[in-house]
Each structure stands twice: as C-alpha cells, then as structure tokens.
Amino acid sequence: VSRVCVGEVGAIFGLEISRLARSSADLQRLLEFCSLSDTLIVDADGIYNLQNFNDRLLLGLKGTMSEAELHILAGRLQESKRAAARRGELRFPLPVGYLYGDDGGTTLDPHEEIRAAVAEVFAAFEATGSAYGVVGRFRTRLFPRRAYGGAWAGEIRWGRLTHGRAVALLSNPAYAGAYVFGRFHSRRIVDADGTIRTRTVERSRSEWPVIIHGHHPAYISWETFLANEQR
C-alpha cells in the first residue's frame, strides 16, 4: 500500500480481483489508492484503469456478482445440510456411549465399561437428584471419553468426571434416543473494548429445528429425560 501511495507501482496483478473485492475492506481501500496514483489492476479477465469510470463500474459490478454467487452457494450448502438433518443423516461427533456403525447408523458403544459408566450417571442422578451427587458417586472412579479427529481418533481416555460434564450428559437428548439438530447456535458479541467474540447459545426445546424420536438405541426413555430436565 505504501509503495502504491508514493507512485512506485505501475500495476497490481491478481488471479481474479472481483473475488477479493466482494469480501475485503482492505482491498477496497487499496483500489481507492490505485485510482489516485494511476496504478493499473490486472487479472485473467482484463486490465482495469481505476481512473476510468467505466472500469471502476465494471470491477464493482463483478465484485457484486461474485458476492451474490457466494451467497447463493452458501445457501445451497446450508439447505443440503438441513435436508440431511431432517432425514437424521447429518453426522456430527456423538456423545460418549455411542458410535457410528458400519451402516452409518448410531449404535451403542461396544465397550461394556463405557456403557456401564454412562448408565451409572443416570442411575446416580436418579438416586441423588443432583449433578453434584453424580460427581460424588464418581469420586473414586474414572469416566471415559473417546477422542475425535487426528491421530488419536477413536482412542478411549479415562479421566475425572467434572460437574460441567455431568450436566452436559444429563441434559443431552441423544441419551433418550432422540436425534436433535440446531440445539445450539452462535451469536457475535461486541465487548466494551471493541473485541468481537462468538458465543454459543442453547435454544429452548420448542425452537429446535429438527428432533426425531426413536432415532437410535436409548439409555433412558424420553419421559425420564424430561423428568431429569425438570429436576
């Protein structure tokens, strides 16, 4: 940018300038500097002189069309994802105690100790009535976790059961045999110092886009899940 501003650059070459122009504020500022310093823009489609109104109009129009193309492609991809979810076929990491079978369906984990540990969580909650009570039951026991992705994918790891994880297990409808899509959604938040953060928010059950009961084997019934949620 500094070399463009002092007139040391005759032309900037890119593969397809319009694809950058549709999403980069920095590039838009660079194009403005190019128009002031008589710097040409060159890509596979042609040569643009930004001091020429028609060239500026053409590049802006192509950038807008590329932005529309990006919007349409994203919409189609998201709709394909939602369609797979409505059929119960969209795959995502399963909670401990479940695995994907050879046919792609969700099955109980074949590891007997893992199944017993998950079942003990719900039995402990039934007996104690609180997630802290469940953690207390596992004070001298380890709880399993299966690694996802990377070189450790599928490996079983045993560790301490925390209160947060106990709450997540008890509130997960997958253990009641339900397939749920859209339980969480992300939202951007601007802090007081201007920092933009992405926060994950849980939707209420009435707002879940997809819920399929009896989708896979359950550890507890749906009625028990609702009763646990109420408790």
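Visitor: Which residue in the turn of the E9 and E10 hairpin has a positive phi?
Guide: This is a predicted model: local features need pLDDT of at least 70, side-chain atom pairs count only at pLDDT 80 or more, and totals for chains, interfaces and linings use all residues. Strands (E, at least two residues) and helices (H or I, at least four) are DSSP runs, numbered from the N terminus. Five residues lie between E9 and E10 in the hairpin. In the turn, a positive phi of about 90 degrees belongs to Gly194.

Visitor: How many bridges join E9 to E10?
Guide: Residues are numbered from 1 along each chain as its sequence is written, and side-chain values use heavy atoms, leaving out hydrogens and water. Strands E9 (residues 184-190) and E10 (residues 196-202) run antiparallel. Ile189 stands opposite Arg197 in E10. Two strands pair if DSSP finds at least two bridges between them; here the number of bridges is seven.

Visitor: Which strands are the edge strands of the open sheet with the order E1-E2-E3?
Guide: This open sheet has three strands and mixed pairing. An edge strand here pairs on one side only. That description fits strand E1 (11-13) and strand E3 (46-49).

Visitor: Do E1 and E2 run parallel or antiparallel, and which residue stands opposite Ala11?
Guide: Three bridges join E1 to E2 (residues 40-43), and the two strands run parallel. Opposite Ala11 in E2 stands Leu40.

Visitor: At what angle to E3 does helix H4 run?
Guide: Axes are lines fitted to C-alpha atoms, for helices over the stretch in contact, and angles run from 0 to 180 degrees between N-to-C directions. Helix H4 (residues 53-86) lies across E2 and E3. Its angle to E3 is about 120 degrees.

Visitor: Where does Asp38 lie, and what is its phi near?
Guide: Asp38 sits in the loop between helix H3 (25-37) and E2. With a relative accessible area of 42%, Asp38 is partly exposed (buried is under 20%, exposed over 50%, partly exposed in between; 1.4 Å probe, protein chains only). Its phi is positive in a residue other than glycine, near 60 degrees.

Visitor: Which residues does Ser35 touch, not counting those up to four places away in sequence?
Guide: Ser35 is found in helix H3. At 19% relative accessibility, Ser35 counts as buried. Contact means heavy atoms within 4.5 Å. By that test, leaving out residues up to four places away in sequence, Ser35 touches Leu50 and Gln51.

Visitor: Why is there no disulfide for Cys5, and how far is the closest cysteine sulfur?
Guide: A disulfide is a pair of cysteine sulfur atoms within 2.5 Å, and a search of the whole structure finds zero. Cys5 is partly exposed, at 45% relative accessible area. Cys34 is buried, at 1%. The sulfur of Cys5 is too far for a bond, because its distance from the closest cysteine sulfur, in Cys34, is 8.7 Å.

Visitor: Which helix supplies the largest share of the largest nonpolar core?
Guide: A nonpolar core is a set of buried Ala, Val, Leu, Ile, Met, Phe, Trp, Tyr and Cys residues joined through side-chain atoms within 4.5 Å. The largest one has 28 residues, and those with the most contacts inside it are Val121, Val134, Phe143, Leu161 and Tyr175. H5, helix H6 (131-137), H7 and H8 each supply at least two residues. The largest share, seven residues, comes from H5.

Visitor: How many residues are in the second, separate core?
Guide: Among its members are Leu27, Ile41, Leu50 and Leu59. The number of residues in this second core is 11.

Visitor: Which residues of helix H8 are buried?
Guide: H8 spans residues 222-230. What covers its buried residues includes helix H5 (112-128), helix H7 (163-170) and strand E11 (210-212). The buried residues cover an arc of only 120 degrees around the axis (taken from the directions from the axis to the C-beta atoms), which puts them on the same side of H8. They are Trp222, Phe225 and Asn228.

Visitor: What distance separates the C-alpha atoms of Glu223 and Ala176?
Guide: Glu223 and Gln230 are exposed on the other side of H8. The relative accessibility of Glu223 is 57%. Glu223 and Ala176 are 47 residues apart along the chain, and their C-alpha atoms are separated by 8.5 Å.
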